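Work through the exercises below with the sequence and the model side by side. Try each task before reading its solution.

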Amino acid sequence: MRLKSGIWVSAYLRRCAVENVPAVVVKRGHEEAGAIFIEVDRLDGTLNLYGPAPAGLSATEAERFWVACLGGDAADAPTVAAYLERQQEFDPDLWVIAVEDKEGRHFLGDALIAA
């Protein structure tokens with residue numbers, strides 16, 4: 001059974017706090033099953049965006065796996081916002097977490113997979 005979205009987000013925010021990296025929820029989604037997107041602002045005018053791996057790419061349904069959105073390339077804020085707007089049309093209950101880190105760290109570890 002997969003961890004509820006609200007609990008996962010809380011744990012992720014704590015992980016960022018431990019690393020002394022600012023992270024906030026900018027859009028609160030469904031507590032139990034909303035998709036989660038993480039935008040990492042590199043503080044140089046570019047952002048990286050990470051979202052849930054498509055169904056079938058993960059080996060188990062119990063864990064969350066992630067992919068880099070937008071082809072894995074850094075993008076400007078309007079491009080990321082437009083992408084998230086399109087995603088919200090499919091899932092109005094999605095979460096968005098904003099992280100600020102000059103190093104571009106996402107703290108997803110091995111859960112980040114290549115799509």
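The exercises that follow concern a predicted model.

**Exercise 1. Overall fold**

Task: Find how many helices and strands the protein chain has, and in which pattern they follow one another.

Solution:
- Step 1. Count the elements. The protein chain has 2 helices and 5 strands.
- Step 2. Read along the sequence. The pattern is α-β-β-β-β-α-β.
- Step 3. Get the dimensions. Along the principal axes, the C-alpha atoms fill a box of roughly 40 × 30 × 25 Å.
- Step 4. Check the radius of gyration. For 115 residues, a compact globule would have a value near 13 Å. The protein chain has 13 Å, so the two agree.
- Step 5. Look at burial and contacts. Buried residues make up 37% of the 115 residues. Of the contacts with a separation of 6 or more, 72% are between residues 24 or more positions apart.

**Exercise 2. The nonpolar cores**

Task: Work out which residues of the largest nonpolar core touch the most other members, and which elements each supply at least two of its residues.

Solution:
- Step 1. Start with the membership. The largest nonpolar core holds 16 residues. Trp8, Tyr12, Ile36, Ile38, Ile97 and Val99 touch the most other members.
- Step 2. Assign the elements. At least two core residues each come from α1 (5-18), β2 and β5 (95-100). The largest share, 4 residues, is from α1.
- Step 3. Zoom in on Ile38. Beyond its neighbours within four places in sequence, Ile38 contacts Trp8, Tyr12, Asn48, Leu49, Tyr50, Trp66, Ile97, Val99 and Leu108.
- Step 4. Look for another core. A second, separate one has 11 residues, including Leu47, Ala75, Val80 and Tyr83.

**Exercise 3. A buried charge**

Task: Glu39 is buried; find the nearest side chain of opposite charge and its distance.

Solution:
- Step 1. Locate the residue. Glu39 sits in strand β2 (residues 36-41).
- Step 2. Search for a partner. The nearest side chain of opposite charge is Lys27, 12 Å away.
- Step 3. Apply the cut-off. A salt bridge needs nitrogen and oxygen within 4 Å. Glu39 has no salt bridge.
- Step 4. List the surroundings. Leaving aside neighbours within four places in sequence, Glu39 contacts Leu47, Asn48, Leu49, Val80, Leu84, Val96, Ile97, Ala98 and Val99.

**Exercise 4. A salt-bridge network**

Task: Trace which residues are joined into one network by salt bridges that share partners.

Solution:
- Step 1. Take the total. The structure holds 5 salt bridges.
- Step 2. Begin at Arg15. Arg15 pairs with Glu19, the closest N and O atoms being 2.5 Å apart. Arg15 is partly exposed at 36% relative accessibility, and Glu19 is partly exposed at 29%.
- Step 3. Follow Glu19 onward. Glu19 also forms a salt bridge with Arg105, at 3.9 Å from N to O. This pair links distant parts of the chain, 86 residues apart. Glu19 is in the loop between α1 and β1, and Arg105 is in the segment after β5.
- Step 4. Continue from Arg105. Arg105 meets Asp101 in a salt bridge at 3.0 Å, N to O. Asp101 is buried, with a relative accessible area of 6%.
- Step 5. Assemble the set. Shared partners join Arg15, Glu19, Asp101, Glu103 and Arg105 into one network.

**Exercise 5. The cysteines**

Task: Explain why Cys16 and Cys69 form no disulfide.

Solution:
- Step 1. Take the distance. The sulfur of Cys16 is 16 Å from the closest cysteine sulfur, in Cys69.
- Step 2. Compare with the cut-off. A disulfide needs the sulfur atoms within 2.5 Å. The pair is too far apart for a bond.
- Step 3. State the count. There are 0 disulfides.
- Step 4. Add the burial. Cys16 is buried at 0% relative accessibility, and Cys69 is buried at 6%.

**Exercise 6. Loop residues**

Task: Decide whether Asn20 is buried or exposed, and find where Leu43 lies.

Solution:
- Step 1. Place Asn20. Asn20 is in the loop between α1 and β1 (23-27). Its relative accessible area is 70%, so Asn20 is exposed.
- Step 2. Check its backbone. Asn20 has a positive phi of about 60° although it is not a glycine.
- Step 3. Turn to Leu43. Leu43 lies in the loop between β2 and β3. Its phi is positive too, near 60°.
- Step 4. Add Arg42. Arg42 lies in the loop between β2 and β3 (47-52). Outside its neighbours within four places in sequence, Arg42 contacts Asn48, Asp101, Lys102, Glu103 and Gly104.

Methods: Residues numbered from 1 in each chain as written. Predicted model: local features only at pLDDT ≥ 70, side-chain atom pairs only at ≥ 80, totals over all residues. Heavy atoms only, no water. Buried < 20%, exposed > 50% of the residue type's maximum accessible area, 1.4 Å probe, protein only. Lys, Arg positive; Asp, Glu negative; His and termini not counted. Contact = heavy atoms within 4.5 Å. Core = buried A, V, L, I, M, F, W, Y, C linked by side-chain atoms within 4.5 Å. Rg over C-alpha atoms; globule rule 2.2 N^0.38 Å.
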